[in-house]
Amino acid sequence: MTISIRNVAPACFLLGLLICGTETDRALGQATQNDAREQNEILTQQVRALQEQLRAAEQENQRLEDRIAQLEQQLGAMRRSTTTPAPPTAPPAEVERVTIDETVPNASPRALFRALRENYEQTMGGLAIGEPGSTERREYWKRLEKWKVAVDRLHQGQFAWHVRVDSGPVNRRDRVVTFVAVDPETDVRLGDPFDVLLSRTLADRLARLEERGELGVLVMRGYLEPNVVLDPEREVKGTFDKPQFIGPFAAFDFQLVARSLLQAEQHPQEAQPAATRPASPKP
C-alpha cells in the first residue's frame with residue numbers, strides 16, 4: 001500500500017495537537033488543585049480570625065454587663081441613702097470633771113496608781129529585762145525589789161478620801177467592807193474599789209447609818225500604806241488587769257487603816273495642801 005505524504009502530514013499535526021492538549025489539561029488540573037488548597041488555607045485563617053474576634057467580643061460584652069450591674073448597685077445604694085434617714089449619732093462623751101488635786105499621790109487611789117506607774121517608768125523603763133534565768137533578768141529583779149521598798153516607804157502617810165460603800169448590805173459581823181473613792185463634788189469614781197478592815201466601832205457606825213438610810217458619801221480618814229505586788233510570772237498586763245499592772249512584774253496594791261468614818265455633810269471639806277511631786281527614789 002502506498003502512503004501519501006499529503007495524508008501523513010495532517011495526521012501528524014492532529015496527533016501533536018492531541019498530545020499538547022493532554023499535557024495542557026494536566027497542567028491546568030494541577031494548577032486548579034493548588035489554587036483550591038490556597039483558597040482553603042485562606043478560608044481557614046479567616047475563620048480562625050473571626051473566631052478570635054467573636055471570643056474577644058464575648059469577653060468584652062461580659063465585662064460591660066458586670067460593669068452595668070456594679071453601677072446599678074451603686075445607684076440603688078445612693079437612692080436608699082437619700083431616702084433612708086441616717087441613724088442618730090451618739091452624743092459626745094461627757095468630759096470627766098474632778099475637783100480634787102490628783103497630782104498629789106495620796107489624793108485618791110487613782111492618783112497613787114499614776115504616781116507609782118510614772119515612778120516605775122523613770123526608774124525601770126530603760127533597763128533590759130532579759131530572759132528568765134539570765135544575768136540581765138537577775139539584775140532587773142534586784143533593782144525592782146529595791147524600787148518597791150523605796151516607793152512603798154515614799155508614799156505612805158495620812159489620807160482623807162470621800163468614799164461610798166461599793167459592796168452589798170453592811171453587816172456588823174462582816175467588818176471587811178468594799179469602798180470606792182469618789183470626787184466630793186462630782187461623785188466621779190477615782191479608782192477601782194478596795195477593801196478595808198474596819199474596827200468594831202466603825203463597822204457598827206456604818207451599820208447604823210445604813211439602817212437609817214443615811215449611807216451616802218462618807219469621809220474616811222486614816223493611814224495609807226502602798227504595797228506594790230511583785231510577780232515574776234507577770235511580764236505583761238494580761239486580759240484581767242487585777243491587780244492593776246504598773247509595769248513588768250509589778251502590780252498596784254495598798255492597805256488602809258481607817259481611823260474615822262463620818263458622813264460628808266458632817267465633815268467640813270478641807271482644802272488640800274499644796275504638795276510637790278516626790279522625786280523618784282534611787283534604789
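What follows is a working chat about a predicted model of a protein.

User: How many helices and strands does the protein have, and how do the elements run from the N terminus on?

Analyst: The predicted model has four helices and eight strands, and from the N terminus on they run α-α-α-β-β-β-α-β-β-β-β-β.

User: And what share of the residues is buried?

Analyst: Buried residues make up 28% of the 283 residues in the protein. As for contacts between residues at least 6 apart in sequence, 67% of them join residues at least 24 apart.

User: Let's turn to α4. What is its span from first C-alpha to last?

Analyst: Helix α4, residues 200–211, has twelve residues and reaches 17 Å from its first C-alpha to its last, which is close to the 16 Å expected at 1.5 Å a residue.

User: Which residues of α4 are buried, and which are exposed?

Analyst: Leu202, Ala203, Leu206, Ala207 and Leu209 are the buried ones in α4. They lie on the same side of α4, because the arc they cover around the axis is only 160 degrees. Thr201 and Glu211, on the other side of α4, are exposed.

User: Why would residues a few places apart point the same way?

Analyst: An α-helix has 3.6 residues a turn, so residues three or four places apart point the same way.

User: What do the buried residues of α4 pack against, and what follows the helix?

Analyst: The buried residues of α4 pack against four strands, namely β1 (157–165), β2, β4 (218–226) and β8. The helix is followed by Gly213, which has a positive phi, near 70 degrees.

User: Which residues other than glycine have a positive phi?

Analyst: Two to look at are Asp187, with phi near 65 degrees, and Phe249, with phi near 75 degrees. Asp187 lies in the loop between β2 (176–181) and β3, while Phe249 is found in the loop between β6 and β7 (250–251).

User: Are those two buried or exposed?

Analyst: Phe249 is buried, since its relative accessible area is 2%, under the 20% cut-off for that class. Asp187 counts as partly exposed because its relative accessibility is 34%, which falls between the limits of 20% and 50%.

User: What is Phe249 in contact with?

Analyst: One of its contacts is Ile129, a residue in the loop between α2 and α3 (135–154). Leaving aside neighbours within four places in sequence, Ile129 is in contact with Glu136, Arg137, Tyr140, Glu235, Pro248 and Phe249. Ile129 and Pro248 are 119 residues apart in sequence, and their C-alpha atoms are 8.4 Å apart in space.

User: Where is the cis peptide bond at Pro243?

Analyst: The bond runs from Lys242 to Pro243, and its omega is near -10 degrees. Pro243 lies in the loop between β5 (229–230) and β6 (245–247).

User: New topic, the second largest pocket: how much space lies in it, and which residues lie nearest its centre?

Analyst: About 270 Å³ of space lies in the second largest pocket. Its lining has 15 residues, and Pro193, Phe194, Phe252, Asp253 and Phe254 lie nearest the centre. The elements that give two or more residues to this lining are α2 (109–124), β3 (194–197) and β8 (254–263).

User: Which element gives the most to that lining, and what is the lining like by class?

Analyst: β8 gives the most, with three residues. By class, the lining of the second largest pocket has seven nonpolar, three polar and five charged residues. Strand β8 is also one of the strands that the buried residues of α4 pack against.

Notes: Residues are numbered from 1 along each chain as its sequence is written. This is a predicted model: local features need pLDDT of at least 70, side-chain atom pairs count only at pLDDT 80 or more; totals for chains, interfaces and linings use all residues. Side-chain values use heavy atoms; hydrogens and water are left out. On a 1 Å grid over the protein atoms alone, a cavity is a set of points where a 1.4 Å probe fits but cannot get out, and a pocket is an open set with protein on both sides within 12 Å along at least five of seven lines; lining residues have an atom within 4 Å of a point. Grid points are joined across faces, edges and corners, and a volume is the space filled by probe spheres set on the points. Ala, Val, Leu, Ile, Met, Phe, Trp, Tyr, Cys and Pro count as nonpolar, Asp, Glu, Lys and Arg as charged, and the others, Gly among them, as polar. Buried means under 20% relative accessible area, exposed over 50%, partly exposed in between (1.4 Å probe, protein chains only). The expected span of a helix is 1.5 Å times one less than its number of residues. The arc is that of the directions from the helix axis to the C-beta atoms. Contact means heavy atoms within 4.5 Å.
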